[in-house]
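Me: I have this model open on my screen and would like to understand the labels people put on it. Could you take me through the reasoning?

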Amino acid sequence: MTMQDDIAEILVSEEQIQAKVAELGRRISEDYAGEELLLIGLLRGAIVFLSDLMRNLDIPVRLDFIGISSYGAGTESGAVRLVMDLETDIAGRHVLVVEDIVDTGKTLSYLIETLKARQPASLRVCALLDKPERRQVPIVVDYVGFEIPDKFVVGYGLDFAEGYRNLPFVGVLKEHLYREVLIRSAILRHMNGYLERELSLQELVDWATTTLAENDVSAEDEAFLQDLLARAGEPGSADFGLTLEDCAELMGRLGQELRVRTRPLVRAEGAG
Ligand code: PRP
């Protein structure tokens with residue numbers, strides 16, 4: 001079994017990528033002729049594209065990296081935060097952010113706002129891949145390699161569970177390889193949503209029922225969801241509910257520890 005056996009189809013071939021990178025390199029070199037450009041690579045997915053792109057630029061470049069992480073579990077992009085900052089002071093410099101893929105746009109939108117505040121001379125974005133269907137935050141991508149459909153892609157820097165980044169092309173991962181991970185992360189998200197009171201018990205139970213009915217879930221996840229429904233009881237009945245022990249046990253099965261925050265009781269002023 002090789003990595004290639006996990007790929008359902010090649011979406012962008014090695015040759016197509018190399019031709020596009022050369023074309024982008026020419027355009028960027030023309031646009032910044034006579035200037036020095038600071039390339040900022042977004043860790044980690046962008047490094048393959050960045051290392052090819054920079055060798056197709058015939059203007060002087062400098063290089064720096066930034067790390068941004070999303071809180072969202074699994075493949076869903078959630079809120080983002082800076083985990084590794086630049087070493088370079090970008091004030092007064094021409095900056096080009098290099099990214100492997102733009103999905104919801106949350107990462108880039110956060111990054112652009114963060115970098116703009118540091119007053120670069122100019123700030124543009126270059127992304128190899130763009131999934132416009134998935135956009136949640138409107139952003140301008142100045143240089144785009146390929147617009148692609150909403151498929152689960154890996155390779156040329158893009159990963160699944162940190163694997164496949166070293167494939168020389170962009171391919172679609174076979175569905176059975178990621179489905180289980182997606183369902184597990186959805187279970188975690190819904191359990192956390194319930195515990196954080198963003199979801200009602202009825203909504204959690206409805207979601208678990210639909211997931212059991214619609215998805216081809218693994219035996220382990222099926223047992224988990226059935227146990228969740230059994231513990232919750234009959235909607236509408238007097239004992240419809242989950243105890244703290246139920247939640248702790250269920251979360252424990254997902255490898256999560258349930259932490260309960262308590263707030264000290266503050267007495268109203270003047271109260272006895
Ligand atoms: C991916 C990708 C982008 C981001 C795009 O990074 O490299 O940075 O998601 O998603 P968005 O448009 O929805 O914000 P990921 O968090 O997977 O990290 P990685 O670069 O280390 O693979």
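Me: What makes up the shell around the ligand: how many nonpolar, polar and charged residues?

Reply: In this predicted model, the shell divides into seven charged, five polar and four nonpolar residues. Strand 5 (94–102) is among the elements that supply at least two of them, and strand 5 gives the most, with four residues.

Me: What makes the approach of Arg165 to the ligand a polar contact?

Reply: A polar contact needs a pair of N or O atoms within 3.5 Å. A side-chain N or O atom of Arg165 is 3.0 Å from an oxygen atom of the ligand, so the pair qualifies. Backbone atoms take part too: one of Gly105 lies 2.7 Å from a ligand oxygen, and one of Asp103 2.8 Å. The protein buries 81% of the 500 Å² that the ligand exposes when taken alone.

Me: Why is the pair of Phe152 and Phe160 called edge-to-face?

Reply: Happily, two numbers settle that. Ring centres must lie within 6.5 Å, and planes over 60 degrees apart count as edge-to-face. Here the centres are 5.3 Å apart and the planes stand at 85°, so the pair is edge-to-face.

Me: And why is the pair of Phe152 and Tyr178 called stacked?

Reply: Stacked means planes under 30 degrees apart. These rings have their planes at 15° and their centres 4.1 Å apart, so the pair is stacked. Phe152 lies in the loop between strand 7 and strand 8 and Tyr178 in helix 4, so the pair ties together parts that are 26 residues apart in sequence.

Me: How do you know that the charge of Lys20 sits over the ring of Phe146?

Reply: The distance cut-off is 6 Å from the ring centre, and the charged end of Lys20 is 5.3 Å from the centre of the Phe146 ring.

How values were computed. Residues are numbered from 1 along each chain as its sequence is written. This is a predicted model: local features need pLDDT of at least 70, side-chain atom pairs count only at pLDDT 80 or more; totals for chains, interfaces and linings use all residues. Side-chain values use heavy atoms; hydrogens and water are left out. Rings of Phe, Tyr and Trp (its six-membered ring) pair if their centres lie within 6.5 Å; planes under 30 degrees apart count as stacked, over 60 as edge-to-face and the rest as tilted. Helices (H or I, at least four residues) and strands (E, at least two) are DSSP runs, numbered from the N terminus. A charge sits over a ring if NZ of Lys or CZ of Arg is within 6 Å of the ring centre and within 35 degrees of the ring normal. A polar contact is a pair of N or O atoms within 3.5 Å; within protein, one must be able to donate a hydrogen and the other to accept it, and residues adjacent in sequence count only if both atoms are side-chain atoms. Accessible areas come from the Shrake-Rupley method with a 1.4 Å probe; for residues, only the protein chains shown count as cover. Ala, Val, Leu, Ile, Met, Phe, Trp, Tyr, Cys and Pro count as nonpolar, Asp, Glu, Lys and Arg as charged, and the others, Gly among them, as polar.
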